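Work through the exercises below with the sequence and the coordinates at hand, and try each task before reading its solution.

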Amino acid sequence: MRVLNYLELESRLDRSGIGTAVDHQRAALADTAVEVETTPWRDGHPGWAVGGNVAFDDPVFTDFDVAHCNMIGPGSVAVTRHAARADIPLVLHAHVTREDFRGSFRGSNVVAPALGRYLQWFYSQADLVLCPSEYTKGVLESYPVDAPIRPMTNGVDIDALSGFEETREDYRRRYDLDGMVVFAVGNVFERKGLTTFCELAQRTDYDFAWFGPYDAGPQASRTVTQWVNDPPENVTFTGWIEDIRGAFGAGDVYLFPTKAENQGIAVLEAMACGKAVVLSDIPVFREYYEDGHDCLICEGEAEFEAALSRLAEDPDLRERLGENARETAREHGLDRVGRRLVETYEELG
């Protein structure tokens, strides 16, 4: 079976959660009998044709038995139309929702309602919509999306994190980190709890570090610009780092006070590294994790501050949560992702 696994704007999304999720899909399929095509176009990307009828003519497209698209733009729309014309089963992966788009970029809250209407139409073209969680399924059903929807974890590439411990000394020295380091990983957005992260730093004495890129141009939100340009004394924004293992080597407590999330791959990565994890009380985290077993789930800054204090005073608690978190991460291994993807393609094919 030949499957198109397509990520539109792939080069621009390589530092994003969507890019990581697609990397996981392809790595998971590498040990299966599925032959993966990563571009639908026969001769590269026909950007000049996407807006016209030529883009939808069969000769433009390469051969595949199932189409699996991971983005929502004009290239993906072209694939959906080709799939309908050629009677090819179509899987659309809902990495983007109106809810998690809010609070990301300047103006994103204004655009979000229109985006929701577009997503309702776009995802409804699918023979099957995949999404990262039951929570996301409920969000899509509320639009409503007129297609079958199936939750499937984005997974975690445990092997790719191997050796993270060896980076600890280098990365702590590089960013002048000491003691119990509270950290986050990923793009710096207000939606991911940036203000809470910084205000907690102001209320405590721990070193805080956010490992991940941030926008400094006109598209950046005012909140991101404010905190990144004038952070609390004990907060470090590292920007992009080449080896993500360095973040998990340097940090001790993974803090993620996000406001909305479809799953949160970096949470699973922190868990795979045996880190104590402190999360906001939102539905998707209650779905996947258990408070007091593999994480601490908090509502409001006072609870977050109390959780950090508990973890600072009780290394045994950090270790117990970390060990249980490792077990949770194994349940999201790429071997399981690969099996579920193959089953899905065979069912549709």
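The exercises that follow concern a predicted model, and each task is followed by a stepwise solution.

**Exercise 1.** Determine whether His-95 is buried or exposed, and find which side chain it joins in a polar contact.

*Solution.* Begin with the location: His-95 lies in the loop between strand 4 (90-93) and helix 3 (98-101). Next, take its relative accessibility of 8%, which is under the 20% cut-off, so His-95 counts as buried. Then turn to the side chains, where a polar contact of 2.8 Å joins His-95 and Asn-70. Finally, list the surroundings: leaving aside residues up to four places away in sequence, His-95 touches Ile-18, Ala-21, Gln-25, Asn-70, Asp-100, Tyr-123, Asn-154 and Asn-262.

**Exercise 2.** Establish how many residues of helix 7 (residues 194-203) are buried, and what they pack against.

*Solution.* First count the buried positions, which number 7 of the 10 residues, so that the helix is mostly covered. Then name them: Leu-194, Thr-195, Thr-196, Phe-197, Cys-198, Leu-200 and Ala-201. Lastly, identify their partners, among them strand 7 (181-185), strand 8 (207-211) and helix 12 (301-313).

**Exercise 3.** Classify the aromatic pair formed by Phe-285 and Tyr-289, and decide whether each residue is buried or exposed.

*Solution.* Start from the geometry: the ring centres of Phe-285 and Tyr-289 are 6.1 Å apart with 35 degrees between the planes, and the pair is tilted. Then consider accessibility: Phe-285 counts as buried because its value is 0%, and Tyr-289 counts as buried because its value is 5%. To close, place both residues in one aromatic cluster, whose members include Tyr-171 and Phe-183; over the ring of Tyr-171 sits the charged end of Arg-174, 4.2 Å from the ring centre.

Technical notes
Residues numbered from 1 in each chain as written. Predicted model: local features only at pLDDT ≥ 70, side-chain atom pairs only at ≥ 80, totals over all residues. Heavy atoms only, no water. Buried < 20%, exposed > 50% of the residue type's maximum accessible area, 1.4 Å probe, protein only. Helix = DSSP H or I, 4+ residues; strand = E, 2+ residues; numbered from the N terminus. Contact = heavy atoms within 4.5 Å. Polar contact = N/O pair within 3.5 Å; in protein donor to acceptor, adjacent residues only side chain to side chain. Phe/Tyr/Trp six-rings, centres within 6.5 Å; stacked < 30°, edge-to-face > 60°. Lys NZ or Arg CZ within 6 Å of the ring centre and 35° of its normal.
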